[in-house]
Amino acid sequence: MEISQNSDTDHRKFALPVDSEHKATEFRLFSIATPHMRAFHLSWISFFACFVSTFAAPPLLPIIRDNLNLTATDIGNAGIAAVSGAVFARVAMGTACDLFGPRLASSSLILLTAPAVYLSAIANSPSAFLMVRFFTGFSLATFVSTQFWMSSMFSPNVVGTANGLSGGWGNLGGGATQLIMPLVYSLIHDNIGSTKFTAWRIAFFIPAFFQTLSAYAIFFLGQDMPDGNYVRLEKSGEKHKDSFSQVFYHAITNYRGWILALTYGYCFGVELTIDNIIAQYFYDRFNVNLHTAGIIAASFGLANLFSRPGGGILSDWVAKRFGMRGRLWTLWVVQMIGGLLCLLLGKIGSLSGSVAVMLVFSVFVQAACGLTFGVVPFVSRRSLGVISGMTGGGGNVGAVLTQVIFFRGSRYSTEEGISLMGVMIMCCTLVILFIYFPQWGGLFCGPKKGVTEEDYYLAEWTAAEKEQGFHKMSMKFSENSRRERGKKGASVPVLSDKDTPPTIV
């Protein structure tokens, strides 16, 4: 199926082929073409920086806990604080993206949270340590702007790939920091001669500076949409300035967003939990040294190099043949397998066996994250940012609840908590059975007869708004989303700007 180009001007304007919304229909990983691929690289690098900052403390905890006299409860509370701050921040970020654009929303948050990373160097008590981790964790809300930005730049046929790669490579920071921070600490402690209680403090300046640079890069080099920034598009009349109440209403009344928030809580939420506990788990249970524990922990996060992107790519691949129903089935199966592997991880008592299961588990749980955001862009066109924020926030809620229930205090051993977390994954994955798109169907039911993509997406606009032409972007998105019908819908033409939409019967 060929994608119609708007005009010869569009061919000259964009380096990548585009659809009627000017979203790229191809994903070229090694390109930095403006605006599509530049946005991709800016988004994943900035999210990577925020992940490094947020999880800079866990690999150094054996040193930090001795310096600040942290108890197991203090460490657990700080881990919870690091991921709880982003719960509401992610919903707020989604709203900000809908109203102000991902460029301004993302760069502002990254810059505002950078001081908390710098202040980690002067934390002198358990409460101060908790506070800096809490405020640093707000930066994880940039995940929402990353996914929103990719959904604004890439067409439905490659949006899963773009979301998976940007989110996965950003999450890679959770693994990279397990290697970076011990290395930086060692260089400062061994080569410069600083004491160990001074070296860990100086080490925090590295992620703080990296995060600050990424904020300025997004602001000065990024662009909100293929045709320009929100401010210019709104002034020119190409995009209307939406109202907060309408954007928010259409998000919270769409039950699919709530289901995806729950399921994401037990794929990404589990990933955040593992990032917080895994180094200390191997250090304490198997008596490995700090460096070895860091390498093992890093291997979990570093799987994001291919696992989460693989989930997004797989989502796009199955959608070509089976449409949205293929995306949903693949998400359900992969996340269920991830739950089984998590349960098994807590039951294994050998070091080699635990490492092997952890590696396979990391692939499935992270792929489920990529598969989730292969579905999210289709839940709502008008309220995409808030839906992304709700889903992303659900990931943090899942992490908070899991750590409070299973890894705070001494009620459960860490290995028991990991197994029970696997049971939770499987239970929460069952609700995917209830996701149903009337125009495409669900896991067990086909589409509702006579319902089209236009019926679904234009229902978010009132008759008065349609008369003023506010729904045009949703109309274009409806046309470009017909691929989600699967192979049977492959022959349906996609309209360009100059084409007249078909009459809906």
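**View 1. Serine 43 sits in helix H2 of this predicted model.** Let's begin with a single side chain and its surroundings. Serine 43 counts as buried, at 1% relative accessibility. Leaving out residues up to four places away in sequence, serine 43 touches Thr146, Trp149, Met150 and Ser166. These four make a handy set of labels for the close-up of serine 43.

**View 2. Tryptophan 44 and phenylalanine 48 form an aromatic pair in helix H2.** Across the whole structure, a search finds 38 aromatic pairs. A pair of aromatic rings is described by the distance of the centres and the angle of the planes. For tryptophan 44 and phenylalanine 48, the ring centres are 6.3 Å apart and the planes stand at 85 degrees, so the pair is edge-to-face. Both residues belong to helix H2 (residues 36-54), and because they are four residues apart there, about one helical turn separates them. Tryptophan 44 counts as buried at 18% relative accessibility, and phenylalanine 48 counts as buried at 13%. Which cluster do these two rings belong to? Ring pairs link Trp44 and Phe48 with Phe27, Phe40, Phe154, Trp169 and Phe210.

**View 3. Tyrosine 281 pairs with its sequence neighbour, phenylalanine 282.** Here the ring centres are 5.3 Å apart and the planes are at 75 degrees, so this pair is edge-to-face. Tyrosine 281 is buried, with a relative accessible area of 4%. Phenylalanine 282 is buried too, and its relative accessible area is 0%.

**View 4. Two arginines lie over the faces of phenylalanine rings.** Arginine 103 is placed over the face of phenylalanine 219, at 4.5 Å from the ring centre. In the other example, arginine 256 lies over the face of phenylalanine 437, at 5.3 Å from the ring centre.

**View 5. The largest nonpolar core has 85 residues.** Val270, Leu272, Ile274, Phe282, Phe361 and Phe437 touch the most other members of this core. Where does the largest share of the core come from? Helix H17 (residues 351-375) supplies that share, with 10 residues. Domain 1 (33-223) and domain 2 (254-485) both give residues to the core, so it lies between them. For a closer look at one member, turn to valine 270: beyond its neighbours within four places in sequence, it is in contact with Gly265, Phe361, Val365, Met421 and Ile425. Another core, of 25 residues, lies apart from the largest one, and its members include Ala33, Phe40, Val52 and Ile218.

**View 6. Domain 1 (33-223) and domain 2 (254-485) meet in a shared contact.** These bounds are those of the domain assignment of the chain. Taken over C-alpha atoms, the centres of domain 1 and domain 2 are separated by 20 Å. The contact takes 49 residues from domain 1 and 52 residues from domain 2.

**View 7. Helix H3 (61-68) is largely enclosed.** Six of the eight residues of H3 are buried, so the rest of the structure largely encloses this helix. Which residues of H3 are buried? They are Leu61, Pro62, Ile63, Ile64, Asn67 and Leu68. The cover over these buried residues includes helix H4 (72-100), helix H6 (126-137), H8, H9, helix H14 (268-285) and helix H15 (290-302). Just after H3 comes asparagine 69, with a positive phi near 55 degrees.

**View 8. Helix H9 (residues 196-203) packs through its buried residues.** The buried residues of H9 are Ala199, Trp200, Arg201 and Ala203. They pack against helix H3 (61-68), helix H8 (159-192) and helix H10 (205-221).

**View 9. Cysteine 267 and cysteine 342 are in no disulfide.** How many disulfides does a search of the whole structure find? The search returns zero. For cysteine 267, the nearest cysteine sulfur is that of cysteine 369, 3.8 Å away, whereas a disulfide would need the sulfur atoms within 2.5 Å. Cysteine 267 is buried, with a relative accessible area of 0%. For cysteine 342, the nearest cysteine sulfur belongs to cysteine 428, 12 Å away. Cysteine 342 is likewise buried, with a relative accessible area of 0%.

Definitions and conventions. Residues numbered from 1 in each chain as written. Predicted model: local features only at pLDDT ≥ 70, side-chain atom pairs only at ≥ 80, totals over all residues. Heavy atoms only, no water. Core = buried A, V, L, I, M, F, W, Y, C linked by side-chain atoms within 4.5 Å. Buried < 20%, exposed > 50% of the residue type's maximum accessible area, 1.4 Å probe, protein only. Helix = DSSP H or I, 4+ residues; strand = E, 2+ residues; numbered from the N terminus. Domains from an automatic or database assignment. Contact = heavy atoms within 4.5 Å. Phe/Tyr/Trp six-rings, centres within 6.5 Å; stacked < 30°, edge-to-face > 60°. Lys NZ or Arg CZ within 6 Å of the ring centre and 35° of its normal.
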